[in-house]
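This report covers helix packing and an aromatic pair. Please have the sequence and the coordinates open while reading.

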Amino acid sequence: MTTPSGPERPHEGPPLEPVRVLRPRRTDALAELFREFEREERGGYEPVPQPAGAEDRTQELPPVPAARHASGIRRTALALAVAAAAVAGFGGALLLVERDAGDRAAPGPRPSTTAPVTPAPPAPAGRGFLREGDSGPEVTELQERLLRVPDVYRSGATDGRYDAALSAAVARFQLWYGIRGDETGVYGDDTRLALESRTG
């Protein structure tokens, strides 16, 4: 005796979709086209009558001159240009080497060809690096400036103490504005310059 099957479990997973859909096509027009093609092949093409005197009016085109000569000239010009550039480059390199050797042989101090380096202006008195653990009016000024930049200093305390929240705000400002000259979270010269330029 067979046992009745229980209710079918629903199919788990994505629904099955047909892979290929077959649609009936009209082949009558295609068959007719093939029949016409076969008729033309069997019978050949029908001749087209030419008007009288048409044979006399046709002329043969002159042969096209070979482009070999022009491309040869182009190749030669390109080779000459490359050779001239190579000679100029080597000549320039030799002149530099000779000049450098002459400079080494000359006694006395060597003249400088670069612009003189000017030292950076000193920071105003009382300004320097501020880091976590510092306190004072400079830290208060930093906190007030950071409050003017949106979403940088979220806690908003202006108590004059450089705590972890202020260090995180300085690091966030350095990251957002691409400041790389100072240590992360430290208010140094590069960070000070960038912050002062953005907050007036």
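## A buried ring

Phe173 has 1% relative accessibility, so this residue counts as buried. The cut-off for buried is under 20%. The model is a predicted one.

Phe173 is also part of an aromatic pair. The structure holds one such pair. The partner is Tyr177: the ring centres lie 4.8 Å apart and the planes stand at 40°, so the pair is tilted. Tyr177 has 35% relative accessibility and therefore counts as partly exposed.

## H4 against H5

Helix H4 spans residues 137-148, and helix H5 spans residues 164-176. The two pack at an angle of about 50°, and their axes are 11 Å apart. That angle makes H4 oblique to H5. The crossing of H4 and H5 is left-handed.

Which residues make the contact? From H4 come Val139, Leu142, Gln143 and Leu146. From H5 come Leu166, Ala169, Val170 and Phe173. By class, the contact of H4 with H5 has seven nonpolar residues, one polar and no charged.

## H5 against H6

Helix H6 covers residues 189-199. The axes of H5 and H6 come within 11 Å and cross at roughly 80°. H5 and H6 are therefore roughly perpendicular to each other; angles of 65 to 115 degrees count as such.

H5 contributes Val170, Phe173 and Gln174 to this contact. H6 contributes Thr191, Ala194, Leu195 and Arg198. The contact of H5 with H6 divides into four nonpolar, two polar and one charged residues.

Val170 and Phe173 appear in the contact of H5 with H4. Val170 and Phe173 also appear in the contact of H5 with H6. Phe173 is the buried residue described at the start, with its ring paired to that of Tyr177.

## The buried side of H6

Which residues of H6 are buried? They are Thr191, Arg192, Ala194, Leu195 and Thr199. Among them, Thr191, Ala194 and Leu195 meet H5.

What covers the buried residues of H6? The cover includes H4 and H5.

## After H6

Gly200 follows H6. The phi of Gly200 is positive, near 75°.

Conventions
Residues are numbered from 1 along each chain as its sequence is written. This is a predicted model: local features need pLDDT of at least 70, side-chain atom pairs count only at pLDDT 80 or more; totals for chains, interfaces and linings use all residues. Side-chain values use heavy atoms; hydrogens and water are left out. Rings of Phe, Tyr and Trp (its six-membered ring) pair if their centres lie within 6.5 Å; planes under 30 degrees apart count as stacked, over 60 as edge-to-face and the rest as tilted. Buried means under 20% relative accessible area, exposed over 50%, partly exposed in between (1.4 Å probe, protein chains only). Axes are lines fitted to C-alpha atoms, for helices over the stretch in contact, and angles run from 0 to 180 degrees between N-to-C directions. Helices (H or I, at least four residues) and strands (E, at least two) are DSSP runs, numbered from the N terminus. Angles under 35 degrees count as roughly parallel, over 145 as roughly antiparallel, 65 to 115 as roughly perpendicular and the rest as oblique. A crossing is left-handed if the near helix is turned anticlockwise from the far one by less than a right angle, and right-handed if clockwise. Contact means heavy atoms within 4.5 Å. Ala, Val, Leu, Ile, Met, Phe, Trp, Tyr, Cys and Pro count as nonpolar, Asp, Glu, Lys and Arg as charged, and the others, Gly among them, as polar.
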